[in-house]
Amino acid sequence: MARKPIIGITGSQKDVNGIDHSFVHSKYPEAVLRAGGIPIILPIGTDEAAEAWVNMIDGLLLSGGEDVDPQSYGANPHPELGKTILERDETEIALVKAAEKERLPIFAICRGIASLNTALGGTLTQDIHSQLDDGIKHHQDGSRINASHDCEVEEGSRLHRILGDTRVSINSMHHQAIAHVADNLKVVARAPDGVIEAVEGTEADWSVLAVQWHPEEMAVKYENMQRLFDVFVEECTEEEAVQS
Ligand code: MN
């Protein structure tokens with residue numbers, strides 16, 4: 001039997017009792033395990049480490065977290081910019097570039113979509129609530145497991161095939177969004193106010209899907225959200241079969 005695919009999940013860093021800790025929110029590895037993958041946490045590292053990790057793993061999951069530092073896409077900070085960790089950006093940019101070279105499948109979530117778009121040459125809106133007229137609320141106060149707004153999924157997109165619908169209810173815990181879309185990504189879902197909620201890769205031999213919401217939070221309650229992880233892990237399995 002083929003071994004289960006190893007999914008590298010990007011981690012963050014925070015101070016706990018005066019000591020820096022590397023971590024990911026547990027719902028990411030839990031969703032990967034349910035999908036049949038073997039999760040490992042990738043801490044903030046170096047370009048060299050990023051390349052080594054990409055050679056070890058079968059799929060890359062860019063997780064949620066802090067704002068992407070605007071320096072990473074050549075902009076100055078908006079007053080409403082939140083916490084950033086430049087070293088995390090640098091690690092994730094190196095991971096995406098190594099993954100692009102190796103055609104390693106990527107699934108990106110929330111900060112992950114911002115990080116992916118930045119790594120591939122796109123830009124971000126740093127604070128949609130102050131920079132977008134007539135915007136809806138994208139930072140819900142309700143429980144993270146429940147949806148708070150709709151999005152329109154492009155008919156015929158990969159995301160549409162996975163979710164099975166063009167109108168999908170999603171949760172929303174972000175204040176940044178994609179501004180300029182990177183060249184090898186295309187928009188496949190938007191919120192009612194036009195905010196980009198999902199992108200896919202445009203290159204046939206490289207599986208890339210990114211969502212602005214948090215499917216890992218909804219996945220135990222909503223089957224379509226778990227399916228995003230199931231399909232991703234399945235693709236990483238196929239990738240493994242091709243390589244061996
Ligand atoms: Mn949203």
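Visitor: Why are Glu-48 and Asn-55 of helix H2 called exposed?

Guide: The word exposed is used for over 50% relative accessible area, buried for under 20%, and partly exposed for what lies in between, with a 1.4 Å probe and protein chains only; Glu-48 and Asn-55, on the other side of H2, fall in the exposed class. Please keep in mind that this is a predicted model, in which local features need pLDDT of at least 70 and side-chain atom pairs count only at pLDDT 80 or more, whereas totals for chains, interfaces and linings use all residues. Residues are numbered from 1 along each chain as its sequence is written, and side-chain values use heavy atoms, with hydrogens and water left out.

Visitor: What makes the buried residues of H2 line one face of the helix?

Guide: H2 covers residues 47–56 (a helix is a DSSP run of H or I of at least four residues, a strand a run of E of at least two, numbered from the N terminus), and Ala-50, Trp-53 and Val-54 in it are buried. Seen down the axis of H2, these residues fall within an arc of 100 degrees, taken from the directions from the axis to the C-beta atoms, so they line one face. They pack against S4 and helix H3 (86–102), where contact means heavy atoms within 4.5 Å.

Visitor: How do you know whether His-175 is buried or exposed?

Guide: His-175 has 17% relative accessibility, and therefore counts as buried. Its place is in the loop between S9 and S10.

Visitor: What joins the side chains of His-175 and Asp-67?

Guide: A polar contact of 2.7 Å joins them, and a polar contact of 2.7 Å also joins the side chains of His-175 and Asp-127. The term stands for a pair of N or O atoms within 3.5 Å, one able to donate a hydrogen and the other to accept it, with residues adjacent in sequence counting only if both atoms are side-chain atoms.

Visitor: Which residues are called donors of the manganese ion?

Guide: His-138, His-149, Ser-172, His-174 and Glu-197 coordinate the ion at 2.3 Å, and donors are N, O and S atoms within 2.8 Å of the metal (3.2 Å for Na, K and Ca), so the distance qualifies, although sites may look incomplete as water is not among the atoms. Among the donor residues, His-149 in strand S8 (149–153) and Ser-172, in the loop between S9 and S10, are 23 residues apart and link distant parts of the chain. Both His-149 and Ser-172 are buried.
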